[in-house]
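Subject: Structure handover and notes

Dear colleague,

I am passing on the structure that we spoke about, with my notes below it. Please read the notes with the model open beside you.

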Amino acid sequence: MQALFFSYIYSLAKLARACPSSPFHVFLIAVIVEVGMDFFPNLLHLVILCISVSLIFLIYKQKSSYAKLPPGKKGWPVIGETLELATARRRGTQEIFFNDRMRKYSQDLFKTSLFGENMVVFCGASANKSLFNDKKNLSTWWPRSILKIVFVSSPELLEDVAQKDFAQMRRSVVEFFKPEALQHFIPIMDSTVKEHLETEWSPYRKVKVYPLSMKYTFALACRFFLNVTDHSHVTKFADHFAIMMDGLLSVPINIPGTTFNRAIRAGKVIRQEILEVIKQRKKELSENNGTVARDFLTRSLLELDENGKAINEMMIASKIMSLLIAGRDSTNSAITFVLKYLAEFPHVYSEVFKEQMEIAIAKGPNDLLNWDDIKKMKYSWNVALESMRLTPPTQGTFREVVNDFTYTNFTIPKGWKTFWTPYSTHKNPKYFQDPEKFNPSRFEGNGPEPYTFVPFGGGAQMCPGREYARLGILVFMHNVVTRFNWEKAILDEKLSFNIAPIPVDGLPIYLKPHSHK
């Protein structure tokens, strides 16, 4: 009797292992546990159950055999390859995770399983073009664990309001980030950087770039999106954001004491803080109808949807959270690695310094940067682009398949998820000659071929905040280069990844202030 029991358990385990992409694999594992508890008094039930599960499995296999799925492997049932990717991110080898699978399976796409979802990773310029511009078969998607932290504690609540309000919010974001709308913000950025460098950098001989530039990018984002300028208020936001970001891609185990649980609680606090700001701003708007909507929050509160109704406040709060994350982490990562490469390539630093000093000398002592100054920073921006090619600040995004479709003769089933990553093109010799070399001249003239350089996505999925990021990076470069030269304190500092790459020691540098005034 015992031998028969273990034989059936082994058979069920083989079925679970054989069909990790099946919607029944979680059910099969549950069956193993349940049957083990009740086997001996329920042998007949076990036999019937095994036969039923086997028939279901055969039906599933017969149905799926008609579809030619992309090559690849799913890893373990339920968790798939999530832990492997998490380990790679922690070790700074995320690029290897994707490139190894491209070499093993296909240069165009491969299947895997991440965050409990069947997933296809699209690779290469043609795949990027297809993925970015397919509105018919693909829609925006994020893992539920991220939704639970960033958007609402109950993802079901988000889904109730998501479709209409997300579309409205997307239009608002695109409009808000237009270059002509951002121009007035350049002097504010400039004065913010000057104050930041004076208080956080100038008094010290040695500083850590990553945490300090994080303070700048987050303070700038709070001012730009919320019009919150009080230092104590910004610091309170920043402390909760740090906790939330630590758990954003952690193992989603929601029990007290876990990183994920702390991130959820921090997300709730941040949302509540933003809702309080919304409440206060609405009061101010009711008392002053002539308020100019300079920040994103005020503009969103003044906007109405197509039915003449205000946008859902929780949706505004959640969207602002996502904007703060991008403004804080992605822009900060880009700035950090620009400074890293400027330290490593003195001839590049010299050219940037020359360009920025020509701008500085032409201005009066109290003049702030403006749009015309930004347009003169061509070489500096090429340097920033080359930095983002080698160390992309964005690691890719997800989408959900809403209709079956084919790509390179492979079927991508409805309900699956897709992912793109800049690692499939940014260092690919097919698109960039001598790809490991730091060479800003790649971006002169027409620059790289379309869909090969994708730090901000591309096509219909181009990040609407790319111009905001460009201004934040260039204004910082202007001020730090005209004030300092620097050397790296750790020559071979390693990287880790959260939503953006992070130097594990914060990129400590020795500052060498310029003697000119």
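Asp-100 and Arg-103 both lie in helix α5 (residues 94–104), and because they are 3 residues apart there, about one helical turn separates them; helices in these notes are DSSP runs of H or I with at least four residues, strands are runs of E with at least two, and both are numbered from the N terminus. The two residues form a salt bridge in which the closest N and O atoms are 2.4 Å apart, the term being used for a side-chain nitrogen of Lys or Arg within 4 Å of a carboxyl oxygen of Asp or Glu. Asp-100 is partly exposed at 34% relative accessibility, whereas Arg-103 is exposed, with a relative accessible area of 59%; here buried means under 20% relative accessible area, exposed means over 50%, and partly exposed lies in between, with a 1.4 Å probe and protein chains only.

Before going further, please note that this is a predicted model, in which local features need pLDDT of at least 70 and side-chain atom pairs count only at pLDDT 80 or more, while totals for chains, interfaces and linings use all residues. Residues are numbered from 1 along each chain as its sequence is written, and side-chain values use heavy atoms, with hydrogens and water left out.

Other salt bridges

Side chains of opposite charge can pair when their charged atoms come close. The search of the whole structure finds 24 salt bridges, including one between the side chains of Glu-117 and Lys-417, at 3.0 Å from N to O. Since Glu-117 lies in strand β2 and Lys-417 in strand β8, this pair ties together parts that are 300 residues apart in sequence. Glu-117 is partly exposed, with a relative accessible area of 21%, while Lys-417 is buried at 4% relative accessibility. Arg-328 and Asp-329 also meet through their side chains in a salt bridge (2.6 Å, N to O), and both of these residues are buried. In addition, Glu-81, Glu-84 and Arg-101 are joined into one network by salt bridges that share partners.

The two sheets

The strands that carry Glu-117 and Lys-417 belong to an open sheet of 5 strands with mixed pairing, in the order β1-β2-β8-β5-β3; two strands are taken to pair if DSSP finds at least two bridges between them. Its edge strands, β1 (109–114) and β3 (138–140), each pair on one side only, and the twist from one strand to the next averages 35°; for such angles, axes are lines fitted to C-alpha atoms, for helices over the stretch in contact, and the values run from 0 to 180 degrees between N-to-C directions. Within this sheet, β2 (residues 117–122) and β8 (residues 417–420) pair in the parallel sense over 4 bridges, and Val-120 has Thr-418 in β8 as its bridge partner.

A further open sheet is formed by 3 strands in the order β4-β12-β9, with antiparallel pairing. Here β4 (206–208) and β9 (484–488) are the edge strands, each pairing on one side only, and the twist averages 40° from one strand to the next. Helix α11 (residues 209–226) packs on this sheet, where it touches β4 and β12 and its direction makes about 65° with that of β4; contact means heavy atoms within 4.5 Å. Helix α19 (residues 466–483) packs on the sheet as well, touching β9 and β12, with its direction at about 90° to that of β9. Strand β4 is joined to β12 (residues 508–513) by 3 bridges, with Lys-208 partnered by Pro-508 and Lys-206 standing opposite Tyr-510. On the other pairing, β9 and β12 are antiparallel over 5 bridges, and Lys-488 stands opposite Ile-509.

A buried threonine and a surface patch

Thr-331 is found in helix α15 (residues 313–344) and is buried, with a relative accessible area of 7%. Leaving aside residues up to four places away in sequence, Thr-331 touches Thr-217, Ala-326, Ala-469 and Ile-473.

Which residues form a nonpolar patch on the surface? They are Trp-76, Val-78, Ile-79, Leu-83, Val-251, Ile-253 and Ile-255, which together have about 650 Å² of accessible area. Patches are made of residues with over 30% relative accessible area and no salt bridge, with like charges joined within 9 Å and nonpolar side chains (Val, Leu, Ile, Met, Phe, Trp, Tyr) within 5 Å; accessible areas come from the Shrake-Rupley method with a 1.4 Å probe, and for residues only the protein chains shown count as cover. Val-78 is found in the loop between α3 (43–64) and α4 (82–91), and is partly exposed at 37% relative accessibility.

With best regards
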